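Got your viewer open? Load the model, colour it however you like, and follow along stop by stop.

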Amino acid sequence: MKKVFFTLLLVLLVSTMFFAQGPKYVFYFIGDGMAVTQSNAAQLLQSSLTDAETPKLNMYKFPVQGMTTTHAANAFITDSAAAGTALASGYKTNSGVIGLDSTLSNVLESISERVHNMGWKVGIISTVSIGHATPAAFYAHQPSRSSYYEISRQLAESGFAFFGGGDVRYPNGKKGNQENIYDYARENGYQVIQTQEDYEAFDPKNPGSEKVWIINEDVDGGSAMLYSVDNAPAFDVEDITRTAIDYLDNEKGFFLMVEAGKIDWACHANDAAGSIGDTIAFDNAISAAMEFYRENPEDTLIVVTGDHQTGGLTIGFAGTKYASDPSLIAYQNGSQDAFTAKLSNMKDNGELNSFEDDLLPVVEEFFGLYKTSANAENEALLLSALEENKLRAAFEAYVNGTENTDESYLLYGGYNPIAITATHILNNKAGLGWTTYSHTGVPVVTYAMGNGQEMFSGYYDNTDIAKYLFALVK
Ligand SMILES: [Zn+2]
């Protein structure tokens, strides 16, 4: 018994000494707009579509979870700039501000800047534009998140080893008369990769450059990567995460932040299919970090969190009471965004004149929702009289134009009236409800695995995540 006790004591002592070193490989995954309802909607859809034992999301396999508050310095409901700054630096600031305190006079050091100065390699990935608020909070300091050009210049000046994901907005400045940002990055030593062909030719283990910036060839009007459910041919978030790991891996250490930015965009648009698709893609990227962890368990820490909740997504809707069926979401053939583009094409080409003959067939094709159909697969997708009336009103609003009133905002939130109404109908039939087109103030879940994981258990603020990381890496 004594012997067992001493052996235990020795193991404890050695492990304390060992873990006192802290991690040297740190992954920080941020699902923009992702709280427990976003991840659980993905979990529910995934498990409702398979007969196998419920496959768990990777983030749900993490040994430690915490609950995290997200408010900004000046608002209960934060924006991504204040949340990103808190997650990166450990300090609250006002909504809209990147990497500065709320007086705008003090620069807040980010965890990525700290470890860069310690000699680690740093990688920053975002599925939206790389100058967007969340990634910017890790390398830029600006009074306004919309200073896109200035933020991009700070990217080029950061010295970080790796940037990847979406493009930048306004590469020549908002007026188009400033130095081209890709040239400026090259002047600062970056290899800039802008096509899928060059990406595929790039060998991250033998790159021939100290710093690289990889831009997805397939981006939308906001310079973001396309939604996962829209099946872009270029690399996805898991691909670029694996490339980053291969590029950054070195003896001294690395830090990699990966943001899934369009979970938030989909939830602003109340589009569960878009949100779930990007949540699953994000979760697949987490598996790449978990593989790295398994090879380097003592030196690796993975933290996954959200910056706030978006849309007020919930599981449960008045019209379906206790009977929800998340599998219906799988009938949607692409993002709401893609459907909006389709409608706008039809309208421009004069192909959207009749509710019955023009609109209903495309609604059935895209969402599975039908009024009368020879090939309907699922009775749950039959439009009720109430739903048909809502869709007809949205059709009139889109075709004839609508005044912006309080009521039209509540109904459509500034989105295409038909696209958002069809999305609402399908989501509601699946038992999913939405309360807002903005963010909410509910806490998010933080998940941790690896060296230092125990610090992330409990109920704490988003600033604490950065504080724990600063404490662990020193
Ligand atoms: Zn956000």
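Here is a walk through the domains, their interface, some salt bridges and a few single residues.

**Before you click**

This is a predicted model, where local features need pLDDT of at least 70 and side-chain atom pairs count only at pLDDT 80 or more, while totals for chains, interfaces and linings use all residues. Residues are numbered from 1 along each chain as its sequence is written, and side-chain values use heavy atoms, with hydrogens and water left out.

**Stop 1: two domains**

Select 21-313 together with 442-473 and give them one colour: that is domain 1. Now select 318-432 for domain 2. These bounds come from an automatic or database domain assignment. Their C-alpha centres lie 32 Å apart.

**Stop 2: where the domains touch**

Zoom in on the border between the two colours. Here 16 residues of domain 1 are in contact (heavy atoms within 4.5 Å) with 16 residues of domain 2. How much area is buried between domain 1 and domain 2? About 1,300 Å², with carbon and sulfur atoms giving 65% of it. Buried area here is the accessible area (1.4 Å probe) that two parts lose on being put together, summed over both.

Next, select A269, N270 and D271. This trio supplies 30% of the area that domain 1 buries against domain 2, more than any other three residues.

What holds hands across the border? There are zero salt bridges between domain 1 and domain 2, where a salt bridge is a side-chain nitrogen of Lys or Arg within 4 Å of a carboxyl oxygen of Asp or Glu. The interface does have nine residue pairs in polar contact, both partners at pLDDT 80 or more. A polar contact is a pair of N or O atoms within 3.5 Å; within protein, one must be able to donate a hydrogen and the other to accept it, and residues adjacent in sequence count only if both atoms are side-chain atoms.

Now show α2 (36-48), α10 (262-268) and α11 (272-295): each supplies at least two residues of the side of domain 1 that touches domain 2. Helices (H or I, at least four residues) and strands (E, at least two) are DSSP runs, numbered from the N terminus. By class, that side of domain 1 has 11 nonpolar, three polar and two charged residues. Ala, Val, Leu, Ile, Met, Phe, Trp, Tyr, Cys and Pro count as nonpolar, Asp, Glu, Lys and Arg as charged, and the others, Gly among them, as polar.

Stay with N270 for a moment. You'll find N270 in the loop between α10 and α11. N270 is buried, at 2% relative accessible area; buried means under 20%, exposed over 50%, and partly exposed in between (1.4 Å probe, protein chains only). N270 also has a positive phi of about 55°, although it is not a glycine.

**Stop 3: salt bridges**

The count comes to 16 salt bridges. Start with K24 and E251, whose closest N and O atoms are 3.4 Å apart. K24 sits in the loop between α1 (2-19) and β1 (25-31), and E251 in the loop between α9 (237-248) and β7 (254-260), so this pair ties together parts that are 227 residues apart in sequence. E251 counts as exposed, at 65% relative accessibility.

For contrast, pick R186 and D183, a salt bridge with its closest N and O atoms 3.0 Å apart. Both lie in helix α7 (residues 181-187), three residues apart, about one turn of the helix.

Then hop to K429 and E387, which meet in a salt bridge at 2.9 Å, N to O. K429 belongs to helix α16 (residues 417-429) and E387 to helix α14 (residues 385-400), so they tie together parts 42 residues apart in sequence. Are these two buried or exposed? Both K429 and E387 are buried.

Finally, select E356, K371, E388 and R392 together to see a network of salt bridges.

**Stop 4: two serines**

Go to S223, in the loop between β6 (211-215) and α9. S223 is buried, with 11% relative accessible area, and its phi is near 65°, a positive value in a residue other than glycine.

Last, find S287 in helix α11. Which residues is S287 in contact with, leaving aside neighbours within four places in sequence? They are N58, E238 and R242. Measure from S287 to L57 too: their C-alpha atoms are separated by 9.5 Å, though they are 230 residues apart along the chain.
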